[in-house]
Amino acid sequence: MELSKRIGRIGACLSVVVLAAGCTATGTQGGRTAVGAGAGAAVGAGLGALIGDSSKAAAIGAGVGAVAGGIVGYNWSKIKNDVQESGASNLGVDVTEMADGSLRVNIPSNVSFDTGRSDLKPALLPVLDSVARALVQHPQLRAKSIGHTDSTGSAAVNQKLSVDRARSVTNYLAGQGVAGDRLTAEGRGPDYPVADNGTAEGRAMNRRVELYLYAVQQ
């Protein structure tokens with residue numbers, strides 16, 4: 001019975017992936033195929049279900065999601081290198097190209113905020129300066145900042161803290177000349193853990209801001 005349920009889930013998830021693939025646009029930009037709105041999120045959600053029900057699987061496909069105009073493929077090589085060379089690697093800030101076509105700058109809390117605070121630490125600013133320069137130089141790009149917390153404390157406190165931290169990042173980028181209508185901020189509290197909240201190491205990994213850069217169809 002359990003086997004048949006799992007097979008059914010896999011079949012349903014494969015259907016999601018096939019449907020999402022059918023939404024792929026035919027144009028290209030930066031040497032990559034453009035992806036229609038929502039396709040990347042749907043594929044990510046399908047892969048997450050195929051992998052299982054772990055907290056890390058639940059976070060797959062939960063990044064930028066569908067945006068107005070749709071995310072298109074983009075050549076991130078130079079921007080990725082610039083962000084890494086700004087000090088990101090030394091700070092433990094991970095810069096990753098995502099399956100939906102976006103570039104994720106994963107910012108751990110130990111280099112971005114003090115406990116319970118939303119004020120940016122000075123060490124992170126050169127990294128954000130590099131991101132801001134990329135956004136100013138490439139007007140087709142947008143940025144979405146998503147704050148996450150661990151599960152310690154009340155849901156209300158964690159939700160507010162995640163929003164405040166996400167906004168601190170976008171407010172800083174705006175202060176460096178990036179137009180406000182190209183920036184969005186969102187807080188997700190403890191709802192998308194990437195590690196076990198039952199350990200100190202896991203909670204530290206869950207406290208983070210994910211900054212996504214993406215290009216939209218023009």
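**Exercise 1.** Describe the second largest pocket of this predicted model by its volume and its lining.

Solution. Start with the volume: the second largest pocket encloses about 210 Å³. Next, turn to the lining, which consists of 16 residues. Nearest the centre of the pocket lie Thr115, Gly116, Leu161, Arg165 and Arg207. Finally, sort the lining by residue type: three residues are nonpolar, nine are polar and four are charged.

**Exercise 2.** Work out whether helix α5 is roughly parallel, oblique or roughly perpendicular to helix α6, and state which residues make the contact.

Solution. Locate the helices first: α5 covers residues 125–137 and α6 covers residues 155–175. Their axes are 9 Å apart and the packing angle is about 60 degrees. Angles under 35 degrees count as roughly parallel, and 65 to 115 as roughly perpendicular. The angle of about 60 degrees therefore makes α5 oblique to α6. The crossing of the two helices is right-handed. On the α5 side, Leu125, Leu128, Asp129, Val131, Ala132 and Leu135 make the contact. On the α6 side, Val169, Tyr172 and Leu173 do so. By type, the contact of α5 with α6 has eight nonpolar residues, no polar ones and one charged.

**Exercise 3.** Place Asp196 in the chain, then find its distance from Asp150 and its contacts.

Solution. Asp196 sits in the loop that runs between β7 (183–187) and α7 (200–206). Along the sequence, 46 residues separate Asp196 from Asp150. In space, their C-alpha atoms are 9.2 Å apart. To list the contacts, set aside the neighbours of Asp196 within four places in sequence; Gly202, Arg203 and Asn206 are then in contact with Asp196.

Technical notes: Residues are numbered from 1 along each chain as its sequence is written. This is a predicted model: local features need pLDDT of at least 70, side-chain atom pairs count only at pLDDT 80 or more; totals for chains, interfaces and linings use all residues. Side-chain values use heavy atoms; hydrogens and water are left out. On a 1 Å grid over the protein atoms alone, a cavity is a set of points where a 1.4 Å probe fits but cannot get out, and a pocket is an open set with protein on both sides within 12 Å along at least five of seven lines; lining residues have an atom within 4 Å of a point. Grid points are joined across faces, edges and corners, and a volume is the space filled by probe spheres set on the points. Ala, Val, Leu, Ile, Met, Phe, Trp, Tyr, Cys and Pro count as nonpolar, Asp, Glu, Lys and Arg as charged, and the others, Gly among them, as polar. Axes are lines fitted to C-alpha atoms, for helices over the stretch in contact, and angles run from 0 to 180 degrees between N-to-C directions. Helices (H or I, at least four residues) and strands (E, at least two) are DSSP runs, numbered from the N terminus. Angles under 35 degrees count as roughly parallel, over 145 as roughly antiparallel, 65 to 115 as roughly perpendicular and the rest as oblique. A crossing is left-handed if the near helix is turned anticlockwise from the far one by less than a right angle, and right-handed if clockwise. Contact means heavy atoms within 4.5 Å.
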